[in-house]
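New notebook page. I'm opening this structure for the first time and jotting down what I look up as I go.

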Amino acid sequence: MSQRITRRRFAAAGTAAALGLPVLDTGGLATSNEVSPLAVGGFPALPVRPYQLMCVICRLGAGCTDDLGDPRLTAILQAAREDPKLPLTLRCNVDTVYRYQNPGHAEDTAEGELFNAKRDLDIIHKLGLAPGDTRPAIDMFERVLAKIPQTRGICGYGAQTSDTWRGCAQADSGNYEKGRQLGIHAVIPPRDPAEKAQYKKTSAAALYQAQTLRIRPHHLLCMSCFHGGKDKLAPIAEDNLFEAIDAIQKQPDIPVTLIAGVCMICPPCGKYDPVNKLCVGGRSMALRDQKKDLDVLQKLGLKYGDTLPARKLYQLLFERIPSTRDICGYGDGETRAYEWSICGSAVKDDAYQKARAARLGIQD
Ligand code: SF4
Ligand code: SF4
C-alpha cells in the first residue's frame, strides 16, 4: 500500500481526545496500580504502552496505512500524525518504585501478564528510558526506530522455553523490521512538498526585501558552516541559509535582530510547522537548538531582541566563538543522552573555520 501520506491530510482530523483516546494529565501520580487515573495540573499527555509503539510500526510493515486493524493502535497513530509534538507517556506494569505509573492490565495482549511485563520492560530498556517518561510523539517514534532494530528478544525469543514465553505470533513475521525500513515518514507524514516550495518562494523573497533580518542566534553558526569559506554559494530548497548570507554580503551593515525560536531561515524546512511556527525536528532537535541559542547569546553578551549590524555581529561571533564545538558540541564534545546529540559540523568544524577565516565573505 502507498506510504505517500502527507501531514496536511491529517489536518482536518480531531484532537487526541476527539479520537476517543484517554489524554492523561501527567502532572499527578496514579494512586493505585489499576487503570490510569486523571490528575489536575501539569500538561496533557497520551499514555501508551511501550509495546504499542512497536506494534504500530509492525502493522505499517504489514502493509496497513491508516487503519491498523486495532482501534487503540489506529488511534495512537492518528493522534501522532495529527500532532507530531503530542506528548506520549510510556506506562507499563512494574512491581517496584515505578509502580505509581502502572496502567493496569486492560491493554495487555493475550500472551499473558508475565510476557506483557517483560516485553514492555525490554522495550523501555532498549529505548534507554524509564516508566513514566514522556517525549513528543515524533521523538518517541524516531527513538523506537533508531534503538530497536528487530523483534527478536522482545516480541519472541527463538526457542520457546514454555507456553508462558511463547511470544507474539507476529514476532518472526518480519513485519516490524519492514515497518522500520519504511522509516519515520510512514509513521508521521512529511510536510507537503508543494507547500514547502511555496514557502521557499515567499520566504526567500521576504528575506531579500526585509530592512532587518530576524535570525535565531545559533543559525549564525549554521550560516557559517553552510558558507564553509566558499566563494560561490547556491540556494537550496530546504532552508534560507544561502539567502541570509547573500543578503548580508550585499548589505554588510543590514541590522540583524536575534530572536527566539524559528526564524527567517526556517519556513521552507521539512521540520518547520507553519501552523504553530515551531521546529518539529525529531530526536529533540528543538531542545538542543534552544540551548545552542542561549549559549550563543551568553557568549556574545546579548539577549533576544538585540539588534546589531550584520558585520559587527559576525565580528563578535567569530571573536568569541572560535569553534562550533563550543556551542554545538557543548564545549566538551560529550554526548550525555540521546536528546543531546552533537552536530557533525561540531565534531569536525573545518567548514566553520573556513567561514571564520573568510569572515563569511563580508567585505570591509
Ligand atoms: S511482533 Fe507482535 S508484539 Fe511485536 S511488534 Fe509485532 S505485533 Fe507487536
Ligand atoms: S525548522 Fe528547525 S531544523 Fe528547520 S531550519 Fe528551522 S530550526 Fe533548523
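Before the ligands, I need the pocket rule: on a 1 Å grid over the protein atoms alone, a pocket is an open set of points with protein on both sides within 12 Å along at least five of seven lines, whereas a cavity is a set of points where a 1.4 Å probe fits but cannot get out; lining residues have an atom within 4 Å of a point. A molecule sits in one of these if more than half of its atoms lie within 2 Å of its grid points.

Ground rules next. This is a predicted model, so I note that local features need pLDDT of at least 70 and side-chain atom pairs count only at pLDDT 80 or more, while totals for chains, interfaces and linings use all residues. Residues are numbered from 1 along each chain as its sequence is written, chains are lettered from A and ligands numbered from 1 in the order in which they are written, and side-chain values use heavy atoms, with hydrogens and water left out.

**Ligand 2**

Which pocket does ligand 2 take up? I find that its space is the largest pocket. Around ligand 2 I list R216, H219, C266, C269, K271, Y272, C279, M285 and D289; a residue gets on such a list if one of its heavy atoms lies within 4 Å of the molecule. I sorted this shell by class and got five nonpolar, one polar and three charged residues. For the classes, Ala, Val, Leu, Ile, Met, Phe, Trp, Tyr, Cys and Pro count as nonpolar, Asp, Glu, Lys and Arg as charged, and the others, Gly among them, as polar.

**Ligand 1**

Ligand 1 has M54, C55, C58, R119, T151, C155, C168, Q170 and A171 around it. The class split here is six nonpolar, two polar and one charged. Which helix gives the most to this shell? I get α1 (residues 50-61), with three residues. Helices (H or I, at least four residues) and strands (E, at least two) are DSSP runs, numbered from the N terminus.

I also looked at what comes close to two of those shell residues in space. The C-alpha atoms of Y176 and C55 are 7.4 Å apart, although 121 residues separate them along the chain. K178 and C58 are 120 residues apart along the chain, with 7.5 Å between their C-alpha atoms. Y176 is in helix α5 (residues 175-182), and K178 lies in α5 too. Are they buried or exposed? Y176 is buried at 1% relative accessibility, while K178 is partly exposed at 45%. My cut-offs: buried is under 20% relative accessible area, exposed is over 50%, partly exposed is in between (1.4 Å probe, protein chains only).

**Rings**

How many aromatic pairs are there? I count seven, with rings of Phe, Tyr and Trp (its six-membered ring) pairing if their centres lie within 6.5 Å; planes under 30 degrees apart are stacked, over 60 edge-to-face and the rest tilted. One of them is Y157 with W165, edge-to-face at 6.1 Å centre to centre and 75° between the planes. Y157 is partly exposed at 23%, and W165 is partly exposed at 23%. Another pair is F318 and Y352: their centres are 5.8 Å apart and their planes at 65°, so this is edge-to-face. That pair links distant parts of the chain, with F318 in α11 (residues 310-320) and Y352 in α14 (residues 350-357), 34 residues apart. F318 is buried at 7%, and Y352 is buried at 0%. I also see F115, Y157 and W165 in one aromatic cluster.

Then the charges over rings, where NZ of Lys or CZ of Arg must be within 6 Å of the ring centre and within 35 degrees of the ring normal. R119 has its charged end over the ring of Y51, 4.2 Å from the centre. R283 lies over the face of Y338, 5.5 Å from the ring centre.

**Odds and ends**

Helix α4 (residues 137-147) has nine of its 11 residues buried, so it is largely enclosed by the rest of the structure. Among the buried ones are D139, E142 and R143.

Two residues that are not glycine have a positive phi: K277 at about 50° and S284 at about 60°. K277 is in the loop between β7 (272-273) and β8 (278-279) and is exposed at 54%. S284 is in the loop between β8 and α10 (285-300), and is buried at 9%.
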